[in-house]
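Trainee: Before I trust the words people use for a structure, I'd like to hear the reasoning behind them. Can we go through one together?

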Amino acid sequence: MSDIITLSVGGGGREFQKFLKNVILNKLGNEMLNLLGDSSYFSMQGDLAFTTDSFVVEPEFFNGGDIGKLAVYGTCNDLAVSGAVPMYLSLSFIISEGYSINKLEKIIESIKEATEEVGAKIICGDTKVIPYNEKGQIFINTSGIGKVLKKLNDYSSIKKGDRVIFTSDIGRHGISVMMAREGIESNLESDCCSLYGVMKELDYSKIHFARDATRGGVAAVLNEIASMSGLGFEIEEDKIFIKDTVRYYCEFFGYDPLHIANEGVAVLIVDKDYADEALELIRSNKYGQNANVVGSVIEKNKVILNTSIGGKRYVEMPLGEILPRIC
Ligand code: MG
């Protein structure tokens, strides 16, 4: 087989069959995918959650992750914060002709590791090849189906006095990708991780709402929830963990860390009597060590930040996209 992706890989003929066997099924095969049906069959009882996302991050490799990990975690995290157990995924590649098979294999290895960690299975997929371009591009779409334990995206469950938890420090994904794009060497790693591992330790009956804080950061999530629920938030700046590298980078370039994208941070709204216990459980997970209770739900329909120097300010929805192609 050639060491680059050729147009014939996307052609469905002999080259495609070789690619499918040697590159895809070799790593990602399972009893359902290996049947190579037009569809995969499965049955499930109860409520299901279904979501989809496309991944176009540039560059496709960055400190702490790559587009493969993002494609699995991104979709599985949406299922996890919806209150579902991630079960089945579709996986579609769009790759430009000339893309390195070696790089693709690294991405597929990441996909394998991430799906094994989450416990989800890839049961259908597709590969298309587009004509050569100088950048050498790869795009991935994943859709995911999960079994719902409790619907955690119900705005009417949110009550005044509920506590707000961020499950990790914020801003690492956005700043890591910015640094990778600028070629800046750093130890800072993206927070890209499985939130299902964090969520599954918790008592869902005491979680009133959950959302992962991806594009637009925690500021976008809090404003979205405020606008849909008619309630608001009072958040303590001192309680939000931010790594020094993220803080310095944001100060230097004039970004608000609350607006920076994350790929492994959930905003949880929990019963006020459960907040301390939830925090302890989240911190016992390797991805939740920098979790904190950062504030509470208020009646006023605004997101208010009590700043560390004793002031107050409104947190607004970010204007536009700080960094295109972040995920
Ligand atoms: Mg989401």
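Mentor: Sure, let's take the labels in turn and check each against its cut-off. Keep in mind that this is a predicted model.

Trainee: Fine, start with the whole chain. What makes it as compact as a globular protein of that length?

Mentor: The chain has 8 helices and 13 strands. Its radius of gyration is 21 Å, and the globule rule gives 20 Å for 327 residues; the two are close, so the chain is as compact as a globular protein of that length. The C-alpha trace spans about 65 × 50 × 30 Å along its principal axes.

Trainee: And how much of the chain counts as buried?

Mentor: Of the 327 residues, 52% do. As for contacts, among those with a separation of 6 or more, 85% are between residues 24 or more positions apart. The accessible surface comes to about 15,200 Å², with 48% of that belonging to carbon and sulfur atoms.

Trainee: What about the charges: how far apart are the mean positions of the positive and negative ones?

Mentor: They are 2 Å apart, taken over 34 positive and 45 negative charges.

Trainee: On to the metal. Why are D78 and D212 called donors of the magnesium ion?

Mentor: The cut-off for a magnesium donor is an N, O or S atom within 2.8 Å of the metal. D78 and D212 each use an OD atom, lying 2.1 Å from the ion, so they qualify under the 2.8 Å limit. Don't read the pair as the full set of ligands, because water is not among the atoms and a site may look incomplete.

Trainee: Where in the chain do those two come from?

Mentor: From distant parts: D78 is in helix α2 (residues 67–81) and D212 is in strand β8 (residues 207–212), 134 residues apart.

Trainee: Which of the two is buried, and how do you know?

Mentor: Buried means under 20% relative accessible area. D212 has 8%, so it counts as buried. D78 has 22%, so it is partly exposed.

Trainee: What touches D78 from strand β1?

Mentor: Two residues to look at are T51 and D53. T51 lies in strand β1 (residues 48–55), and its contacts beyond four places in sequence are T75, D78, L79, T142, S143 and G144. D53 is also found in strand β1, and beyond four places it touches T75, D78, I140, N141 and T142. The C-alpha atoms of D53 and T75 are 6.2 Å apart, with their positions 22 residues apart along the chain.

Trainee: Why is T51 called buried but D53 partly exposed?

Mentor: It comes down to the 20% line. T51 has 19% relative accessibility, so it counts as buried. D53 has 23%, so it is partly exposed.

Trainee: Let's try I24. What makes it buried?

Mentor: Its relative accessibility is 8%, so I24 counts as buried. I24 lies in helix α1 (residues 14–28), and leaving aside neighbours within four places it is in contact with F19, G29, F93 and I108. The C-alpha atoms of I24 and E109 are separated by 9.7 Å, though these residues are 85 apart along the chain.

Trainee: And N223, buried or exposed?

Mentor: Buried, because 16% is under the 20% limit. N223 sits in helix α6 (residues 217–229) and touches V303, V315, E316 and M317, not counting residues up to four places away.

Trainee: Now the backbone. Why is it worth pointing out a cis bond or a positive phi?

Mentor: Because most peptide bonds are trans, and most residues other than glycine have a negative phi.

Trainee: How do you know that the bond from E58 to P59 is cis?

Mentor: Its omega is near 0°. P59 is in the loop between β1 and β2 (61–62).

Trainee: Which residues have the positive phi?

Mentor: L36 is one, with phi near 50°, and R325 is another, with phi near 55°. L36 is in the loop between α1 and β1, while R325 is in the segment after β13 (312–314).

Trainee: Why are these two called partly exposed?

Mentor: That label covers values between the 20% and 50% limits. L36 has 47%, so it counts as partly exposed. R325 has 24%, so it gets that label too.

Conventions
Residues are numbered from 1 along each chain as its sequence is written. This is a predicted model: local features need pLDDT of at least 70, side-chain atom pairs count only at pLDDT 80 or more; totals for chains, interfaces and linings use all residues. Side-chain values use heavy atoms; hydrogens and water are left out. Donors are N, O and S atoms within 2.8 Å of the metal (3.2 Å for Na, K and Ca); water is not among the atoms, so sites may look incomplete. Helices (H or I, at least four residues) and strands (E, at least two) are DSSP runs, numbered from the N terminus. Buried means under 20% relative accessible area, exposed over 50%, partly exposed in between (1.4 Å probe, protein chains only). The radius of gyration is taken over C-alpha atoms; the globule rule is 2.2 Å times the number of residues to the power 0.38. Contact means heavy atoms within 4.5 Å. Accessible areas come from the Shrake-Rupley method with a 1.4 Å probe; for residues, only the protein chains shown count as cover. Lys and Arg count as positive and Asp and Glu as negative; His and the chain ends are not counted. The place of a charge is taken as NZ of Lys, CZ of Arg, CG of Asp or CD of Glu.
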